[in-house]
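Me: I am new to this structure and would like a close look at a single part of it. Please take one salt bridge as the starting point and work outward from there.

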Amino acid sequence: MTSPARPPRRMTPEARRAQLVSAALDLYGARSPEEVAVEDVTRAADVSRALFYRYFSGMEELHVAALGSVAEELIDRVALPTDGPLDGQLADALDVFLDVVGRHSRAYVALLRSGSVVSTGETDAMVDGVRDHIVGLLCVRGGVPDPTPLQLMTLRGWVALVEGSVLVWLEAGRVPAHAELRDWLVEQLFAMLGVTVARDPDAQFSTTPSALGTSR
């Protein structure tokens with residue numbers, strides 16, 4: 001005897017949309033976003049195609065929503081408190097950053113790869129939002145609300161180094177170890193700031209090694 005069809009689970013529109021985004025992110029854990037199709041998402045979420053299209057016009061829109069959730073998590077969770085040695089705070093922030101991108105590695109790679117088929121103006125804006133968030137945190141923590149051109153170049157250059165290094169790290173099987181990569185990135189920022197201060201006396205930054213106190 002055939003069992004009766006299971007009735008669809010009732011959810012609010014927000015919860016259903018979040019369920020589809022979550023299903024997409026779970027699928028990204030096993031394959032690249034561009035390899036995920038509508039059928040994969042509906043199967044994983046146990047919904048019909050018709051229901052899927054009530055919430056998203058297609059995979060491109062779902063990709064943007066899913067990748068956007070990763071960018072939002074980075075912005076929400078990466079922070080630098082205003083007290084305590086900055087090297088320790090920065091290491092803690094990098095721990096969070098590496099944890100998020102490690103859990104969503106394929107989604108993060110897709111966000112950064114401008115040539116990816118899921119790359120759009122919206123995803124590019126998401127990446128810029130994460131970059132601006134990190135640079136803004138460093139400016140506030142460093143006591144430079146109006147950074148000099150060299151200071152801004154240094155901070156944006158370090159963020160680019162973090163992004164490039166994390167891409168290599170993910171693609172190389174997360175070698176070196178998480179803690180080694182984190183500490184290397186912290187040291188790179190202070191080394192870059194040291195060069196900037198030596199070149200531009202007006203580029204003083206309270207994150208320079210002399211202001212750190214005890215090292216991590």
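Reply:

**A salt bridge and the helices around it**

R77 and D99 form a salt bridge, with their closest N and O atoms 3.4 Å apart. The model is a predicted one. The pair links distant parts of the chain, 22 residues apart: R77 belongs to helix α4 (residues 59-77), and D99 belongs to helix α5 (residues 86-103). A search of the whole structure finds 12 salt bridges, and the R77 pair with D99 is a salt bridge of this kind.

D99 also takes part in another contact, since α5 meets α9 through a set of residues that includes D99. On the α5 side the set is L86, D87, L90, A91, L94, D95, L98 and D99. On the α9 side, these meet H178, L181, R182, L185, V186, L189 and F190. By class, this contact has 10 nonpolar, 1 polar and 4 charged residues.

As for geometry, the axes of α5 and α9 are 9 Å apart, and the two helices pack at an angle of about 130 degrees. That angle makes α5 oblique to α9. The crossing of α5 with α9 is right-handed.

Helix α9 covers 178-199, and the loop between α8 and α9 contains P176. A cis peptide bond joins V175 to P176, with omega about 5 degrees.

On the other side of that loop is α8 (residues 149-171), whose axis comes within 10 Å of the axis of α7 (residues 121-141), the two crossing at roughly 130 degrees. α7 and α8 are therefore oblique to each other, and their crossing is right-handed. In α7, the residues in contact are V127, R131, D132, I134, V135, L138 and C139. Their partners in α8 are L152, L155, R156, W158, V159 and E163. The residues of this contact divide into 9 nonpolar, no polar and 4 charged.

Elsewhere in the chain, D46 lies in the loop between α2 (38-45) and α3 (49-55). Phi of D46 is near 60 degrees, a positive value in a residue other than glycine.

A word on confidence is also in order. The mean pLDDT of the chain is 87, and 88% of its residues reach 70 or more. Over residues 1-7 the pLDDT is below 50, and this stretch has 1 contact in the model beyond near neighbours in sequence. Residues 208-216 also have pLDDT below 50, but that stretch has 18 contacts beyond near neighbours in sequence.

How values were computed: Residues numbered from 1 in each chain as written. Predicted model: local features only at pLDDT ≥ 70, side-chain atom pairs only at ≥ 80, totals over all residues. Heavy atoms only, no water. Axes fitted to C-alpha atoms, helices over the stretch in contact; angles between N-to-C directions. Helix = DSSP H or I, 4+ residues; strand = E, 2+ residues; numbered from the N terminus. Parallel < 35°, antiparallel > 145°, perpendicular 65-115°, else oblique. Left-handed = near helix turned anticlockwise from the far one by under 90°. Contact = heavy atoms within 4.5 Å. Nonpolar A, V, L, I, M, F, W, Y, C, P; charged D, E, K, R; others polar. pLDDT = per-residue confidence, 0-100. Salt bridge = Lys/Arg side-chain N within 4 Å of Asp/Glu carboxyl O.
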